[in-house]
Amino acid sequence: MRAGPGSMGRAAAAPHAAPSVLPPAALPAPHEPRPAPRFRIHLLRLVVVALLPLVLLSGALALWTAQAQRAEVLRGMAQTAHALQIAIDRELRTGMVTLEALAGMPGLDALLEPGAPEEEGAAFQARASAMAERPPGAMRNFALIRLGPAGEPLEQVMSTFGPPGMRRTLPTRIEHPPRPGLPLPDAKTVWLEMIHGGRARVSDLYRNNQDQPWRFAITLPIEREGRPVALLIAALWPERITAILEEHRPPPGWHATVVDRGGIILARSSDTAAWLALPAPAPVRAFQGEPERREAVLFMPEAPTGASYAALRRLEQVPWALAYAAPAASVDGPRWRTLALAAAAGVLALGLAALAALVLGRRLGREVEGLGRDAAAVALSEAPPRPRPAAMVREVAEARASLHRVGQALHQRAGAKRESEARQALLMREVDHRAKNALAVALSLVRLAPRDVTPELFAATAEGRLAAMARAHSLLAQEAWEGAALRAVAEGELAAHAGRVVMEGPELRLEATAVQPLAMLLHELATNAAKYGALSQPEGKVCLAWEGLPDGGLRLRWAESGGPPLEGPPVRRNFGSRLVRQLAERQLGGRLTLEWPREGLRVTLRLPPRGAGPAAGPSGGMGGWPSHGPSHGPGQGPGQEPGQGPSHGPGGGIGGGWSPATGMARGEAGWGAAPRLLLLATSPALVRDMSALAAEGGLLLLGPVREPGEAQGWLSAGIAAAVMEVPGPAEPFFPLADRLTERGVPCIFIAGPGAAEALSGRAAAVLRPPCGRGEISAAIAAALARPAQA
């Protein structure tokens, strides 16, 4: 068999692929798209999607209500436990006061001395018996135990249960209930704690070999001449504590329990006899094992009476605990009932809405299907749409009436699309042209700047001029390349000298072609003033004023005062002065006038009526000034020589200027009127917080700077307050803080413990990190509210 040319080509292209021929029956059937759901199904989905959030919101509200009810129940349990704790503490305190009163009565010493008259001892016992019988006290018996010289118990010399003068031997055994996980108290240790405690002490539950009922006791050591000679004991039965618990009448199934130090149940509001001397549930015992916890609300899934919640409080007079417990069903039951009711109502609402959507969607679907057939007929030009019954939906009727205008609308849409594409292409070419022009200007500034200066000075010069171009570029980008406000351009270039430059003039808007040359011109003037003019002196001022002319032009005036006295115009023109003149005359098309009176430089710039207009919006311009390309020529600012004069202010240099840092905020009262806040920070989070605070509070944020040395140039900027982050030792910040204090500027430091103590005498406030935005805002407000220092 010979292969045809087509098969040879395929074999050459894929030499390793074996030809495969399948019979028609073996070929897979073409995939048929699944039909889309009908209109009523979409309407059903819409109803479900719209109603489901409401159902979920209702469920969330029901859950929130149930949670609030549950929280209210738990809060009530905690309040009841607190009230019970106060009542039991009051009862125990009454017993202690009774013992202290009994210890001060006459006749007690007669019982301790064998030769004393028996009448005095009998009178003391009678008083004690009267106190034991006085209701509603819990004390059943008072006893007095005489101690030996070494403080050891010898014998019981008085008991209100016996006749006067009867002496009894001490119990040979004291029994405590078993304590899970804890050893039983040692009898000798308990005696020593009672004798040498120096104050009244409440014991845990116990019983002895002389009488079997469980009890607890309040003991008070009696001292004579600085040593214990006797022990006064009041025995108390748990029934009185039980009575206090029952007075609050807990609801059925609820109960209050008092446990001693070892977690043993000492009293219970119900069925005390069955629970007395038994260990409390494990969570209650765990609470007893944490003395620092004073209160808690616990869930006990394995409580002896079933799952329950318990509000725990620790007593004040003795380290016992009180537990007020309720069954979990009483606390959680309302929540589940509320959620079940909300779920049933939500399902019912969804079902009814779904049924209504299906019925209505069927009728609306028929109208939509008819509208599609009409549209197909119009598109294929087969025939006009046939008459149909009145539509149930107004939109469908309007669509039918609008089908004959579809062709015209499509044609208009295509034309609009072509116009949009052409406008977009034009905008791309314009942006490309402006970018190339800006790069050419930057390259000229770098190439033609003087070379007879130091590299650092050369870099500062280039950086300042490029920064001015960048600021103008950013301002234009924010305004969609449709111009910018004259005041905004001036504020951007003179921000480093806020407070020392006064701007006067109406709101005017510049065309896009005039923004960058004017920004560079103002930058050159400000740099020259900062190095050799008015801004080089602390008391120097600059006034920048502008006004619209009757012919539609613009006049700007730059006037310096308070600087070094001038002796006339400069001897030679340098790069800066030539650059100013070329920016004004070639790029802006204006007329520049320079005057050198003794009090300071005067500059007048008159611009033709083509680049400024009322600030009524982006479209308020009146035709831009033509751009003639970058100016060329070496030199510095007007009237300055290479390397002459100190640099005053950050970022000084020949013809250079400072580029304001990000985060600069402007107050609502206008540029230069807002309080200025100096920020020294290295933490990005603090910079963000301060920028937000400045924007919210109408403050002018200066900075941020990262080192104290960088902040020295801001001292003449009229600072109202300073916020400084101190990440390490405080010593590097001492000089800056002292200079700010001398100028009456309050300082707010954010520093650690060591640095905070060192800076406390130099600060209006010292905050400890981490500190929130509210704390910083309060400190700034307090600092700005302080009267200015002399």
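**Close-up views of a predicted model**

**View 1. Cys747, a buried cysteine.** With a relative accessibility of 1%, Cys747 counts as buried, because the cut-off for that label is under 20%. Please keep in mind throughout that this is a predicted model. Cys771 also counts as buried, at 17% relative accessibility. The structure holds zero disulfides. For context, 42% of the 790 residues of the protein count as buried.

**View 2. Strand 23 and its parallel partners.** Let us move on to strand 23, residues 719–726, where seven of the eight residues are buried. Strand 21 (residues 676–680) runs parallel to strand 23 and is joined to it by five bridges. To find your way along this pairing, look for Leu679, which stands opposite Val723 of strand 23. Strand 24 (residues 747–751) is likewise parallel to strand 23, again with five bridges. Here Met724 and Phe749 of strand 24 stand opposite each other.

**View 3. The two faces of strand 19.** Which residues of strand 19 lie on its covered face, and which on its uncovered one? Val603, Leu605 and Leu607 make up the covered face, while Arg602, Thr604 and Arg606 make up the uncovered one. Side chains in a regular strand alternate between the two faces of the sheet. Strand 17 (residues 554–561) pairs with strand 19 in the antiparallel sense through six bridges, and Leu554 has Leu607 as its bridge partner. Strand 18 (residues 591–595) is also antiparallel to strand 19, through five bridges. In that pairing, Arg591 stands opposite Arg606. The hairpin of strand 18 and strand 19 has six residues between the strands, and Gly600 takes a positive phi near 155° there.

**View 4. An open sheet of five strands.** The strands of this antiparallel sheet follow the order 9-8-12-11-10. Strand 9 (265–268) and strand 10 (295–300) are the edge strands; each has a single partner strand, so one side of each has no neighbour in the sheet. On average, and ignoring direction, neighbouring strands of the sheet are turned by 25° against each other. Strand 10 and strand 11 (residues 308–314) run antiparallel and share six bridges, with Glu295 bridging to Arg313 in strand 11.

**View 5. Helices packed on the open sheet.** Which strands does helix 2 (residues 39–103) touch as it packs on the sheet? They are strand 8 (255–259), strand 10, strand 11 and strand 12 (321–327). The direction of helix 2 makes about 40° with that of strand 11. Helix 6 (residues 238–247) packs on the sheet too, touching strand 8, strand 9 and strand 12. Its direction makes about 45° with that of strand 9.

**View 6. The surroundings of Glu155.** You will find Glu155 in strand 2, residues 153–159. Its side chain makes a polar contact of 2.9 Å with the side chain of Arg146. Leaving aside residues up to four places away in sequence, Glu155 touches Leu144, Ile145, Arg146, Arg167, Arg168 and Leu170.

**View 7. Stepping back to the whole protein.** To place these close-ups, note that the protein has 19 helices and 25 strands. Among contacts between residues at least 6 apart in sequence, 65% join residues at least 24 apart. The protein exposes about 41100 Å², of which carbon and sulfur atoms supply 59%.

Terms used:
Residues numbered from 1 in each chain as written. Predicted model: local features only at pLDDT ≥ 70, side-chain atom pairs only at ≥ 80, totals over all residues. Heavy atoms only, no water. Helix = DSSP H or I, 4+ residues; strand = E, 2+ residues; numbered from the N terminus. Buried < 20%, exposed > 50% of the residue type's maximum accessible area, 1.4 Å probe, protein only. Contact = heavy atoms within 4.5 Å. Areas by Shrake-Rupley, 256 points an atom, 1.4 Å probe, with all protein chains shown as cover. Pairing = 2+ DSSP bridges. Axes fitted to C-alpha atoms, helices over the stretch in contact; angles between N-to-C directions. Polar contact = N/O pair within 3.5 Å; in protein donor to acceptor, adjacent residues only side chain to side chain. Disulfide = S-S within 2.5 Å.
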